[in-house]
Amino acid sequence: MKKILLAVLGVFFFTSWCWAQNYYAFVQVQIKNDSGAAFLMNTITKVSDKETCENVLSPVRKLKDMYPIRMECLTGQEWEDSLGGLFANKPTSSIYISYKDPNGYETRINTKVLAGSNSSTPGLPVDLPVKETILWASAMIEALEKGGIKNARIIYPAIK
(Lines give C-alpha, C1' and ligand atoms only; values in the text may rest on other atoms or scores of the structure.)
Protein backbone atom coordinates (compact mmCIF):
# COMPACT_ATOMS: atom_id res chain seq x y z
CA MET A 1 0.00 0.00 0.00
CA LYS A 2 2.87 2.35 0.85
CA LYS A 3 4.44 1.70 -2.54
CA ILE A 4 1.21 2.56 -4.34
CA LEU A 5 0.77 5.74 -2.29
CA LEU A 6 4.37 6.79 -2.94
CA ALA A 7 3.98 6.04 -6.65
CA VAL A 8 0.78 8.12 -6.87
CA LEU A 9 2.42 11.01 -4.99
CA GLY A 10 5.49 10.75 -7.23
CA VAL A 11 3.37 10.83 -10.39
CA PHE A 12 1.34 13.77 -9.05
CA PHE A 13 4.49 15.72 -8.16
CA PHE A 14 6.18 14.97 -11.48
CA THR A 15 3.05 15.84 -13.48
CA SER A 16 2.47 19.13 -11.67
CA TRP A 17 6.13 20.05 -12.09
CA CYS A 18 6.14 19.26 -15.83
CA TRP A 19 2.97 21.25 -16.51
CA ALA A 20 3.95 24.26 -14.41
CA GLN A 21 3.61 27.40 -16.47
CA ASN A 22 5.52 30.61 -16.17
CA TYR A 23 3.76 33.94 -15.88
CA TYR A 24 4.78 36.98 -17.86
CA ALA A 25 4.21 40.47 -16.49
CA PHE A 26 3.54 42.46 -19.67
CA VAL A 27 3.63 46.27 -19.65
CA GLN A 28 3.14 48.44 -22.72
CA VAL A 29 3.59 52.19 -22.31
CA GLN A 30 2.67 54.63 -25.07
CA ILE A 31 4.82 57.75 -25.21
CA LYS A 32 4.46 60.65 -27.65
CA ASN A 33 7.44 62.76 -28.60
CA ASP A 34 7.41 66.50 -29.36
CA SER A 35 6.68 65.91 -33.04
CA GLY A 36 3.59 63.82 -32.17
CA ALA A 37 5.01 60.40 -33.06
CA ALA A 38 3.73 57.68 -30.73
CA PHE A 39 6.12 55.03 -29.44
CA LEU A 40 5.31 51.83 -27.59
CA MET A 41 7.76 50.49 -25.07
CA ASN A 42 7.09 46.86 -24.15
CA THR A 43 8.52 45.29 -21.00
CA ILE A 44 8.05 41.60 -20.28
CA THR A 45 9.21 40.03 -17.03
CA LYS A 46 9.19 36.25 -16.56
CA VAL A 47 8.08 35.04 -13.12
CA SER A 48 6.94 31.73 -11.63
CA ASP A 49 3.46 32.52 -10.31
CA LYS A 50 0.47 34.85 -10.57
CA GLU A 51 1.04 36.58 -7.23
CA THR A 52 4.59 37.54 -8.20
CA CYS A 53 3.31 38.71 -11.58
CA GLU A 54 0.79 41.02 -9.89
CA ASN A 55 3.55 42.31 -7.57
CA VAL A 56 5.76 43.13 -10.56
CA LEU A 57 2.89 45.10 -12.14
CA SER A 58 1.93 46.92 -8.94
CA PRO A 59 4.39 49.87 -9.16
CA VAL A 60 3.47 50.44 -12.82
CA ARG A 61 -0.14 51.21 -11.87
CA LYS A 62 1.10 54.56 -10.49
CA LEU A 63 2.01 55.66 -14.02
CA LYS A 64 -1.52 55.17 -15.40
CA ASP A 65 -2.36 58.85 -14.87
CA MET A 66 0.71 59.98 -16.84
CA TYR A 67 0.74 57.63 -19.85
CA PRO A 68 -1.57 55.26 -21.67
CA ILE A 69 -0.53 51.90 -20.23
CA ARG A 70 -1.62 48.36 -20.97
CA MET A 71 -0.56 45.68 -18.52
CA GLU A 72 -1.50 42.12 -17.78
CA CYS A 73 -0.26 38.80 -16.47
CA LEU A 74 0.05 36.32 -19.31
CA THR A 75 0.33 32.55 -18.95
CA GLY A 76 -0.27 29.42 -20.95
CA GLN A 77 1.40 27.34 -23.63
CA GLU A 78 0.74 29.98 -26.31
CA TRP A 79 2.87 32.49 -24.38
CA GLU A 80 5.52 29.89 -23.52
CA ASP A 81 5.86 29.14 -27.23
CA SER A 82 5.85 32.75 -28.44
CA LEU A 83 8.19 34.12 -25.74
CA GLY A 84 10.53 31.14 -25.38
CA GLY A 85 13.05 32.41 -27.93
CA LEU A 86 13.00 35.89 -26.44
CA PHE A 87 13.86 34.56 -22.99
CA ALA A 88 16.56 32.34 -24.51
CA ASN A 89 18.10 35.56 -25.93
CA LYS A 90 17.58 34.40 -29.50
CA PRO A 91 17.53 37.07 -32.20
CA THR A 92 14.10 38.24 -33.34
CA SER A 93 13.08 40.57 -36.17
CA SER A 94 14.11 43.61 -34.13
CA ILE A 95 16.49 44.72 -31.41
CA TYR A 96 15.56 44.15 -27.77
CA ILE A 97 17.24 44.47 -24.39
CA SER A 98 17.78 41.52 -22.07
CA TYR A 99 18.55 41.76 -18.34
CA LYS A 100 17.77 40.46 -14.87
CA ASP A 101 15.89 42.95 -12.72
CA PRO A 102 16.97 43.69 -9.11
CA ASN A 103 14.79 40.79 -7.90
CA GLY A 104 16.54 38.35 -10.26
CA TYR A 105 13.66 38.06 -12.76
CA GLU A 106 14.48 37.82 -16.45
CA THR A 107 13.18 40.93 -18.24
CA ARG A 108 13.05 41.97 -21.89
CA ILE A 109 12.33 45.40 -23.36
CA ASN A 110 11.64 46.47 -26.94
CA THR A 111 10.20 49.49 -28.64
CA LYS A 112 7.92 50.04 -31.61
CA VAL A 113 6.45 53.09 -33.28
CA LEU A 114 2.80 53.42 -34.19
CA ALA A 115 2.43 53.70 -37.96
CA GLY A 116 1.18 57.09 -39.14
CA SER A 117 -2.03 57.81 -41.02
CA ASN A 118 -0.19 57.78 -44.36
CA SER A 119 0.96 54.18 -43.74
CA SER A 120 -0.67 51.09 -45.19
CA THR A 121 -1.20 49.94 -41.56
CA PRO A 122 -2.13 53.16 -39.67
CA GLY A 123 -2.07 52.89 -35.90
CA LEU A 124 -0.38 49.48 -35.81
CA PRO A 125 3.01 49.00 -34.12
CA VAL A 126 5.96 48.68 -36.50
CA ASP A 127 9.70 48.31 -35.96
CA LEU A 128 11.82 51.43 -35.92
CA PRO A 129 14.69 51.68 -38.40
CA VAL A 130 17.72 49.79 -37.04
CA LYS A 131 19.86 52.93 -36.52
CA GLU A 132 17.14 54.57 -34.42
CA THR A 133 16.57 51.40 -32.46
CA ILE A 134 20.29 51.13 -31.68
CA LEU A 135 20.24 54.71 -30.36
CA TRP A 136 17.18 53.90 -28.23
CA ALA A 137 18.74 50.66 -26.94
CA SER A 138 22.02 52.38 -26.07
CA ALA A 139 20.16 55.10 -24.14
CA MET A 140 18.09 52.44 -22.34
CA ILE A 141 21.21 50.45 -21.37
CA GLU A 142 22.72 53.64 -19.96
CA ALA A 143 19.53 54.42 -18.00
CA LEU A 144 19.34 50.85 -16.68
CA GLU A 145 22.99 51.00 -15.55
CA LYS A 146 22.31 54.28 -13.72
CA GLY A 147 19.42 52.48 -12.03
CA GLY A 148 21.72 49.69 -10.81
CA ILE A 149 21.23 47.09 -13.57
CA LYS A 150 24.69 45.86 -14.55
CA ASN A 151 23.80 42.89 -16.76
CA ALA A 152 21.72 44.54 -19.50
CA ARG A 153 22.65 43.75 -23.07
CA ILE A 154 21.34 44.40 -26.52
CA ILE A 155 20.15 41.41 -28.55
CA TYR A 156 20.50 42.25 -32.23
CA PRO A 157 18.16 40.98 -34.95
CA ALA A 158 18.86 37.89 -36.95
CA ILE A 159 20.82 38.56 -40.12
CA LYS A 160 18.73 37.76 -43.16
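Colleague: Leaving out residues up to four places away in sequence, what does Y99 touch?

Modeller: With those neighbours not counted, Y99 touches Y105, E106, T107, R108, I109, L144, I149, N151 and A152. Please keep in mind throughout that this is a predicted model.

Colleague: And which residues make up the largest nonpolar core?

Modeller: That core has 12 residues in all, and Y99 belongs to it together with I95, I97, I109, W136, A137, M140, I141, L144, I149, A152 and I154. At least two of its residues come from each of β4 (96–100) and α4 (130–146), and α4 gives the most, with five residues.

Colleague: What lies apart from it?

Modeller: There is another core, of 11 residues, which lies apart from the one just described and has A25, V47, V60 and C73 among its members.

Colleague: Let me step back for a second. How many helices and strands does the chain have, and in what order do the elements run?

Modeller: The protein chain comes to four helices and seven strands, and from the N terminus on its elements follow the order α-β-β-α-β-α-β-β-β-α-β.

Colleague: How much of the chain is buried?

Modeller: Of the 160 residues in the protein chain, 33% are buried. As for contacts between residues at least 6 apart in sequence, 59% of them join residues at least 24 apart.

Colleague: Now pockets. How much space lies in the largest one, and which residues are closest to its centre?

Modeller: The largest pocket holds about 460 Å³ of space. It is lined by 22 residues, and V27, T43, V56, V60 and Y99 are the closest to its centre. Two of these residues have already come up, since Y99 is part of the largest nonpolar core and V60 is part of the other core, the one of 11 residues.

Colleague: Which elements supply that lining, and what classes of residue are in it?

Modeller: At least two lining residues come from each of β1 (23–32), β2 (38–47) and α2 (50–57), with β1 providing the largest share, four residues. By class, the lining has 16 nonpolar residues, five polar ones and one charged one.

Colleague: And the second largest pocket, what lines it?

Modeller: The second largest pocket contains about 280 Å³ of space. Of the 16 residues that line it, N42, I44, L86, N110 and K112 are the closest to its centre. Two or more lining residues are given by each of β1, β2, α3 (77–87) and β5 (106–114), and β5 gives the most, with four residues. The lining divides into nine nonpolar, five polar and two charged residues.

Colleague: Where is N110, and what does its side chain pair with?

Modeller: N110 is found in strand β5, and its side chain is joined to that of N42 by a polar contact of 2.8 Å. Not counting residues up to four places away in sequence, N110 touches L40, M41, N42, I95, Y96 and W136.

Colleague: K112 is there too. Is it buried or exposed?

Modeller: K112, which is also in strand β5, counts as buried because its relative accessibility is 18%, and buried means under 20%. A polar contact of 2.4 Å joins its side chain to that of D127. Leaving aside neighbours within four places in sequence, K112 is in contact with A38, F39, L40, N42, S94, P125, V126 and D127.

Colleague: What about E72, where does it sit and what does it touch?

Modeller: E72 is in strand β3 (residues 69–75) and, at 31% relative accessibility, counts as partly exposed. With residues up to four places away in sequence left out, E72 touches Y24, A25, F26 and L57, and a polar contact of 3.1 Å joins its side chain to that of R70. E72 and Y23 are 49 residues apart in sequence, with their C-alpha atoms 9.9 Å apart in space.

Colleague: Last topic, loops. Where is P102, and how far in space is it from K150?

Modeller: P102 is in the loop between β4 and β5, and it counts as exposed because its relative accessibility is 72%, where exposed means over 50%. From C-alpha to C-alpha, P102 and K150 are 9.7 Å apart, while 48 residues separate them in sequence.

Colleague: What is the phi of N89?

Modeller: N89, in the loop between α3 and β4, has a positive phi of about 60° although it is not a glycine. Most residues other than glycine have a negative phi.

Terms used: Residues are numbered from 1 along each chain as its sequence is written. This is a predicted model: local features need pLDDT of at least 70, side-chain atom pairs count only at pLDDT 80 or more; totals for chains, interfaces and linings use all residues. Side-chain values use heavy atoms; hydrogens and water are left out. On a 1 Å grid over the protein atoms alone, a cavity is a set of points where a 1.4 Å probe fits but cannot get out, and a pocket is an open set with protein on both sides within 12 Å along at least five of seven lines; lining residues have an atom within 4 Å of a point. Grid points are joined across faces, edges and corners, and a volume is the space filled by probe spheres set on the points. Ala, Val, Leu, Ile, Met, Phe, Trp, Tyr, Cys and Pro count as nonpolar, Asp, Glu, Lys and Arg as charged, and the others, Gly among them, as polar. A nonpolar core is a set of buried Ala, Val, Leu, Ile, Met, Phe, Trp, Tyr and Cys residues joined through side-chain atoms within 4.5 Å. Buried means under 20% relative accessible area, exposed over 50%, partly exposed in between (1.4 Å probe, protein chains only). Contact means heavy atoms within 4.5 Å. A polar contact is a pair of N or O atoms within 3.5 Å; within protein, one must be able to donate a hydrogen and the other to accept it, and residues adjacent in sequence count only if both atoms are side-chain atoms.
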